[in-house]
Amino acid sequence: MAQKPKVDAHVGRLGYLQALVTEFQETESQDAKEQVLANLANFAYDPSNYQYLRQLQVLDLFLDSLSEENETLVEFAIGGLCNLCSDKANKEHILQTGGIPLIINCLSSPNEETVLSAVTTIMYLSSPGSGSHPELTALPVVQCMLRFSLSANTRLRNLAQIFLEDFCSPSQVAEARSWRGHSALGIPLPRTEAPQQP
């Protein structure tokens, strides 16, 4: 006799997502948490799930997970936010609940996918031209994007260049280039590009 699945096939989409959220909150296993968060991030890709994910407070679950020490959880959480933030209601929730600093912190991750998702999320949250949330184009962020625009990683370089051209004013970019404090210099490039130590 086959094992009974954890989720009844008749519970529907909301019930299935609720079961995932419950499993994430109740499990002690890091592997199970990673797997569940990856599943939730994948469901966040489908706009038909947005209402359910808001109802189940999955956006807050993703935001909370950005502070985890487990890099894999952070990667899936920022990936989920990246999938969700093209929607206006989701974007507003992230902006109003203090998500910006948590997302900006992901720029310093050693994980390449985390950084790529963070840059993309910041772009989704920004408004081209004069931004309504100045912290998204604050000097350290612009300096970080300038560093990324010199990256050997084509995806990261291209995203950073688009950000600098479409979301920053020429004066912001010029100020970041000339700033002597270089507050973004402490932000390492993702692990895959780190120079090999002799």
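Okay, before anything else, one definition: when I say buried, I mean under 20% relative accessible area. With that in hand, let's start at helix H9, where the buried residues are Val141, Val142, Gln143, Cys144, Met145, Leu146 and Phe148. That's seven of the 10 residues in H9, which runs from 139 to 148, so call this helix mostly covered. And please keep in mind that what we're looking at is a predicted model.

So what sits over those H9 residues? The cover includes helix H7, at 99–105, helix H8, at 112–125, then H10, and helix H11, at 170–178.

Let me zoom out for a second. The whole protein has 11 helices and zero strands. If you read along the sequence, you just get α-α-α-α-α-α-α-α-α-α-α. There are 198 residues, and 44% of them count as buried. Now take the contacts between residues at least 6 apart in sequence: 69% of those join residues that are at least 24 apart.

Okay, on to helix packing. Two packed helices are described by the angle between their axes and the distance between those axes. I'll go through two pairs, and H4 is in both.

First up, H4 with H5. H4 covers residues 58–65 and H5 covers residues 71–84; their axes come within 8 Å and cross at roughly 140°. Angles over 145 degrees would count as roughly antiparallel, and H4 and H5 are therefore oblique to each other. The crossing is left-handed. Who's touching whom? On the H4 side you have Leu59, Phe62, Leu63 and Ser65, and they meet Leu73, Val74, Phe76, Ala77, Gly80, Leu81 and Leu84 of H5. By type, the residues in this H4–H5 contact split into nine nonpolar, two polar and no charged.

Next, H2 with H4. H2 is residues 30–43, and it packs on H4 at an angle of about 130°, with the axes 11 Å apart. H2 and H4 are therefore oblique to each other as well. The crossing of H2 past H4 is left-handed too. H2 brings Leu37, Leu40 and Ala41 to the contact, and H4 brings Val58, Leu61, Phe62 and Ser65. Here the split is six nonpolar, one polar and no charged. If you were following the names, Phe62 and Ser65 turn up in the contact with H5 and again in the contact with H2.

Now pick out Ala77, over in H5. Its relative accessible area is 0%, so Ala77 is buried. Leaving out residues up to four places away in sequence, Ala77 touches Leu37, Phe62, Ser65 and Leu66.

From Ala77, hop across to Ser117. The two are 40 residues apart along the chain, and their C-alpha atoms are separated by 9.5 Å. Ser117 is in helix H8, and at 15% relative accessibility Ser117 counts as buried. With the same four-place exclusion, Ser117 touches Ile78, Gly79 and Cys82.

Another buried one to look at is Asn90, in helix H6, residues 88–96. Relative accessibility there is 0%, so Asn90 counts as buried. And what does Asn90 touch, not counting residues up to four places away in sequence? You get Tyr50, Arg54, Leu59 and Leu84.

For contrast, go to Gln57, in the loop between helix H3, at 50–55, and H4. Gln57 is at 52% relative accessibility, so this one counts as exposed. Have a look at the backbone here: Gln57 has a positive phi of about 60°, although it is not a glycine.

Last stop, the aromatics. Searching the whole structure turns up two aromatic pairs. One of them is Phe163 with Phe167, a stacked pair at 5.7 Å centre to centre, with 25° between the planes. Why are these two about one helical turn apart? Because they are four residues apart in helix H10, which is residues 154–167. Both Phe163 and Phe167 are buried. And that brings us back round to where we began, since H10 is among the helices covering the buried residues of H9.

That's what I had. Shall we open it up?

Notes. Residues numbered from 1 in each chain as written. Predicted model: local features only at pLDDT ≥ 70, side-chain atom pairs only at ≥ 80, totals over all residues. Heavy atoms only, no water. Axes fitted to C-alpha atoms, helices over the stretch in contact; angles between N-to-C directions. Parallel < 35°, antiparallel > 145°, perpendicular 65-115°, else oblique. Left-handed = near helix turned anticlockwise from the far one by under 90°. Contact = heavy atoms within 4.5 Å. Nonpolar A, V, L, I, M, F, W, Y, C, P; charged D, E, K, R; others polar. Phe/Tyr/Trp six-rings, centres within 6.5 Å; stacked < 30°, edge-to-face > 60°. Buried < 20%, exposed > 50% of the residue type's maximum accessible area, 1.4 Å probe, protein only.
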